[in-house]
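Here is a quick walk through one chain, starting with its overall layout and ending at a single residue. Have the structure open as you read.

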Amino acid sequence: DWTLVLAGAPAGYQAAAVLECIQRSQCRERIQVTGYLSRPELERLYSRASIFAFPSLDEGFGMPVLEAMAHGVPVITSNRSATKEVAGNAAVLVDPERSDELQAGLEELIRNPELRARLIELGRSRAKLYTWERAARSTHSVYEELCS
């Protein structure tokens, strides 16, 4: 009885193949493809979400992971690039090229409310570590080091 919501730009990596799979799926009535969402729409989606899955192949920072954590949504994300570092121990980490790992992680989160609750708590704490003030101080520190 879960619904899968694919939010964001509809023209990403292998988007056509994904949309084709959705059309062939026997579960297609429970899959929503939203496209770009405004901030209020995104806030409503986070307020209803039970799990945030972000199996990114390559991510520069991992802002979506932190955003989900700050909203109190348990996260499953990639065990590579920036998402692994940003998530720390506050998410289920999977190889984004292994659908079996993603499936197992999602099934574990669906079946295990205690794990979801623990990841919500850890995620909220983790998100608090990443403030704009900290980002500004870190950036300033790099500039000072480069200029000296």
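Going from the N terminus, the elements run β-α-β-α-β-α-β-α-β-α-α-α. That makes seven helices and five strands in the chain. Keep in mind that this is a predicted model.

As for overall dimensions, the C-alpha atoms fill a box of roughly 60 × 35 × 30 Å along the principal axes. The chain has 148 residues, and 29% of them count as buried. About 10100 Å² is exposed, with carbon and sulfur atoms supplying 53% of that area. Take the contacts between residues at least 6 apart in sequence: 53% of these join residues at least 24 apart. On the charge side, there are 17 positive and 20 negative charges, and their mean positions sit 4 Å apart.

Now to the sheet. Three strands form an open sheet in the order 3-4-5, with parallel pairing. Its edges are strand 3 (52-54) and strand 5 (91-94), each of which pairs on one side only. On average, neighbouring strands here are turned by 15 degrees against each other, direction ignored. Strand 3 and strand 4 (residues 75-78) are joined by three bridges in the parallel sense.

Two helices go with this sheet. Helix 3 (residues 63-70) packs on it and touches strand 3, strand 4 and strand 5. Helix 5 (residues 99-111) lies across strand 3, strand 4 and strand 5. Here are their directions:

| Helix | Reference strand | Angle between directions |
|---|---|---|
| Helix 3 (residues 63-70) | strand 3 | about 170 degrees |
| Helix 5 (residues 99-111) | strand 4 | about 165 degrees |

Let's zoom in on Ile76, which lies in strand 4. Is Ile76 buried or exposed? It counts as buried, because its relative accessibility is 1%, and the cut-off for buried is under 20%.

Which residue is the bridge partner of Ile76? That would be Ala53. The two are 23 residues apart along the chain, yet their C-alpha atoms are separated by 4.8 Å.

What else does Ile76 touch, leaving aside its neighbours within four places in sequence? Its contacts include Ile51, Phe52, Ala53 and Phe54. Val92 and Val94 are also among them, and so are Leu102, Gly105, Leu106 and Leu109. Put that next to the element ranges: strand 5 spans 91-94, and helix 5 covers residues 99-111.

Notes
Residues numbered from 1 in each chain as written. Predicted model: local features only at pLDDT ≥ 70, side-chain atom pairs only at ≥ 80, totals over all residues. Heavy atoms only, no water. Helix = DSSP H or I, 4+ residues; strand = E, 2+ residues; numbered from the N terminus. Buried < 20%, exposed > 50% of the residue type's maximum accessible area, 1.4 Å probe, protein only. Contact = heavy atoms within 4.5 Å. Areas by Shrake-Rupley, 256 points an atom, 1.4 Å probe, with all protein chains shown as cover. Lys, Arg positive; Asp, Glu negative; His and termini not counted. Charge placed at Lys NZ, Arg CZ, Asp CG, Glu CD. Pairing = 2+ DSSP bridges. Axes fitted to C-alpha atoms, helices over the stretch in contact; angles between N-to-C directions.
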